[in-house]
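This report describes a protein chain as a whole and then turns to selected residues within it. The sequence and structure are shown first.

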Amino acid sequence: MKIKFENLKYQNDATNSAVDVFKGQKLAESQFTVSTDYVYQSSFTSLEGIGIANSRNISNKEMLKNVRQIQLRNEIPQSNTLWGNNDRFPQFNIEMETGTGKTYVYFKTILELNKKYGFKKFIIVVPSVAIKEGVLKTYRMTHATFASQYHGVIYNVFDYDSNQLSRVQQFAMDNTIDIMVLTMSSINKGNWNAKDKKGLVNVVYRENDLLQGQKPIDLIASTNPILILDEPQALDNTDLSKQAINNLNPLAAFRYSATHRDKSYPTIYRLNAVDAYEKQLVKQIEVASVTAEEHGNKAFIHLKEVSNKGGKLKAKVEVYVKGKDDSKKKSIWVKQYDNLLKKTKLPIYETLGDIEDIDATPGQEAIYLTGQPAYITLQESNENDLEEKRQQIRLLIKSHLNKELKLNQRGIKVLSLIFIDKVANYRIYKKDGSIEKGPYAKIFEEEYEREIVKPRYSSLIEKYDIPIDEIHQGYFAKDGKGHFKNSSKGESAADESEYQLIMEDKEGLLTMYDANKHTSSANKTRFIFSHSALKEGWDNPNIFQIATLVETKDPITKRQKIGRGLRIAVDQDGNRVPGFNVNTLTVIANESYDVFAKDLQHEYEEDGEKFGIFTDDVFSTIITCQNDNYEDSETLGREASKELIDELKTQGYIDSKGHGTPEFKEAINNGELNLSDKFKAYEEDIITISKKYMTTLNIKDARRRVDVRVNKEALSDNFLALWNRIKYRTRYRIKFDSDKFIEQVVKGASNFEGINSINVIKSRYKVSKTNLKLDESGVAAQKSREYNEQVEDTKYQLPDIVSELQNATHLTRNTIVAILKKADNLDQFKINPISYMTKAAACINALKNHIIINGIEYIKTGEAYDQKLFNEETLTGYLGEDGNTVKVDTSLNKTVYDYVVTDSDVEKEFADALENDEDVKFYIKLPDWFKIPTPLGSYNPDWAIFKNEDEGPKLYFIIETKGNTAWNELRPDERAKINAGEQSFAALDTGLIFKKVTKEDELN
């Protein structure tokens, strides 16, 4: 199986955000001399002795203008400078949540930068071997896709190896796209590094005979590479590491991470954890807890370790300790005569008394107490701990098998990942050469065999007729004998080979076992055991369960855990299968749901992701006067944004720490804010932005999960009355008159401006005049006056306007040529080429989309959706205040299922209202498979409703539920899809009423 890569809008947005930084750049390169007697030669090598370098020919001022326009369209506060903490070259932050494809995005960005501006030299800098192997794997997986998209363009990716310096020479001289991947450790030790006590110097900084005495770093620096910094928070966090990066002499750098700690650099794109979750671009996360939560109401004590270093006896025990708000389970050190009541500050521990003695004798480790119990042994504690691990394994297996029942029928293989901190817990190598299964492997097989024999899993027994020791596999580093061994930091050569194995097995692990076709070890593997040191740089989209079984402090952060399985699942054809109904990642935790969710949010905040904080510049991007494509648009700005924040604080909407208050949330939900006249005109934008900042990461509690089942009693008269009106399939055709379209694009049509109306602004400078006031306090600037000074006619090198418009509009070259021949203002193109092309593309696309939707005609196909699909679909939901599911009164028989699973709070309230409205006879939350074809992609309507008031007519509705302002928030293509859907239902001619509403009472 090969993973397929779709053309996803958010990934294109991220790519374009980086590429547009260089808007206005002309195709250019520079050359330098390579001093050598022997030159690597290929058909793509430049002339002998000539190196090829990137070159920038737009000014810092032009680049900053580009950056501000990009930030404006992405609703990011605008920067006033290109520079951050390292001011040697421009750098730009791109924030993308783990699992959303940032590696794919930056490879695409590289190819776009070459296509548009001719840049050829790129370096991807990574912090670890794990991430490097992930980058190389992505290159191999995407190469065919990109070769197709970019018409067979030649590009090479290579792993920098200090033993193969001829490849560095090739990098300098190749006249095609060349991408070097190197780890930070290969460049962070140089002669300039005064703190390098061992006197070590990376090979890259040493003169080399193979390079005729040149240093590799000099060749690299001469190419002026564009850098891709993958996880920059782990790359340039010290002055020395910044210097190492500066030594590469970059033209610019794009910094990709889910968590940027250094925010001094301009952020040009942002897709944070909440955004990714809300848009269902990653899996939703649920926590299944295995823990006995006593909360300090019982004298829980667990012996973890005994130490006798330096003759000082002490023991580590896990107990509950009183905290500021509640008691928490915590590991603490105790010594002889310590009083447990005083150590924990919880009265329940008074019954245990003092630590009377500590025994550190190997095999007899124990603590003795003056109270009850009289003693606690390490062996007993370990046995209790092993029982907890058994419970985790049991819960993981059960979750895994249940998801296989649901997802295997959709062609999705389910994988589970189990992290352990000691290889001996999985595999034991004895001195006599024999090999045994470790305790966790034994427990796994015992629990799997106990669970799989249950009748509900009979189909899985038939499907996976494989010996039990082949369904789980260990991925660990190996020693010289091929035996698994422990990892420390995941950076050794053995670890590198293990990462390579995990990467190579990726597609094999995703491929379902088939006795006739797919029988490799990876195909058979459904459960993966791995060392806790191998915690980053790799993932697998079909990991649905993760557990960590460790005996000491968990070395893996919660973000690292979920990062291995956040990516959207793929089926056996390699296609992404989106939607939370498929994509739920279950974390088997040995702590409560509340503790896990709180700690995860704390990790995000430590990494710089502040949830629900209204900063002073949060409203600065509100557009007060917009021109086409954001060019020269005016915004509220930072100063007015701060004034608005102060006003909201005065109104009690925001507290002193910057958090939105319950009163603010209520006002937002009602769609009415008490704003001054200065800001009243922007109320809709203020509400939209505030909603986003009031949203936090929504982690689900597995205890509140419910399986949704069909209520067969409800599939009767009222259901059929509604279903028989909506079940018919349609197809569309589009009436498109090319000659009329070309005419309207040029001259304009009703509500659409034509290309002939385009006027561009000549290049100009902003001039500021400021009066200086001189008094005893010194010199002070008074209020300045600003005006624009036009520049005399400037002659630009004109780009290929036909190709640019063809790429921007996806029209044929002949159509673009016909449009430009009829245009009578091409002189404007010469004045400001970029502005003219941008506005022309906007004119063409606006009219094109209008004609596509308004020229669409739907007809019935004669086919219908099969109501049996309701029985075949397996749904799950979550109850509770933060859940997404409404409990149904099945005795009323007014909907298909026993629960209604919703996509938003608006839908949840709507379902509640439908359930309680006696005039609603039947309603359906339309499932994912109920899709209407449109030219812009499939449309899935929200609701179908049958309503019959007393003595009133029978009404049948198709309903689209949106928030109070959400309809205006939708992108034009989404609005167009909904409008197309409305026309599809009209074509059925079954008396359906199509409405867009917020609340249920709007049906009246």
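## Selected residues and the chain as a whole

In this predicted model, the side chain of Q828 reaches the backbone nitrogen of V760 at 2.9 Å. Q828 lies in helix α26, which spans residues 826–831. When its neighbours within four places in sequence are left aside, Q828 is in contact with I758, N759, V760 and Y836. V760 thus appears both in this list of contacts and as the partner of the Q828 side chain through its backbone nitrogen.

Is Q828 buried or exposed? Q828 counts as buried because its relative accessibility is 12%, and the cut-off for buried is under 20%. Y732, in contrast, counts as partly exposed because its relative accessibility is 31%. The two residues are set side by side below.

| Residue | Element | Relative accessibility | Class |
|---|---|---|---|
| Q828 | helix α26 (residues 826–831) | 12% | buried |
| Y732 | strand β30 (residues 728–734) | 31% | partly exposed |

Y732 also belongs to a surface feature: together with I734 and F736, Y732 makes a nonpolar patch of about 240 Å².

For the chain as a whole, there are 31 helices and 40 strands. The chain has 1004 residues, and buried residues make up 51% of them. Its exposed area is about 47600 Å², of which carbon and sulfur atoms supply 45%. Among contacts between residues at least 6 apart in sequence, 70% join residues at least 24 apart.

Definitions and conventions:
Residues are numbered from 1 along each chain as its sequence is written. This is a predicted model: local features need pLDDT of at least 70, side-chain atom pairs count only at pLDDT 80 or more; totals for chains, interfaces and linings use all residues. Side-chain values use heavy atoms; hydrogens and water are left out. Patches are made of residues with over 30% relative accessible area and no salt bridge: like charges are joined within 9 Å, nonpolar side chains (Val, Leu, Ile, Met, Phe, Trp, Tyr) within 5 Å. Accessible areas come from the Shrake-Rupley method with a 1.4 Å probe; for residues, only the protein chains shown count as cover. A salt bridge is a side-chain nitrogen of Lys or Arg within 4 Å of a carboxyl oxygen of Asp or Glu. Helices (H or I, at least four residues) and strands (E, at least two) are DSSP runs, numbered from the N terminus. Buried means under 20% relative accessible area, exposed over 50%, partly exposed in between (1.4 Å probe, protein chains only). A polar contact is a pair of N or O atoms within 3.5 Å; within protein, one must be able to donate a hydrogen and the other to accept it, and residues adjacent in sequence count only if both atoms are side-chain atoms. Contact means heavy atoms within 4.5 Å.
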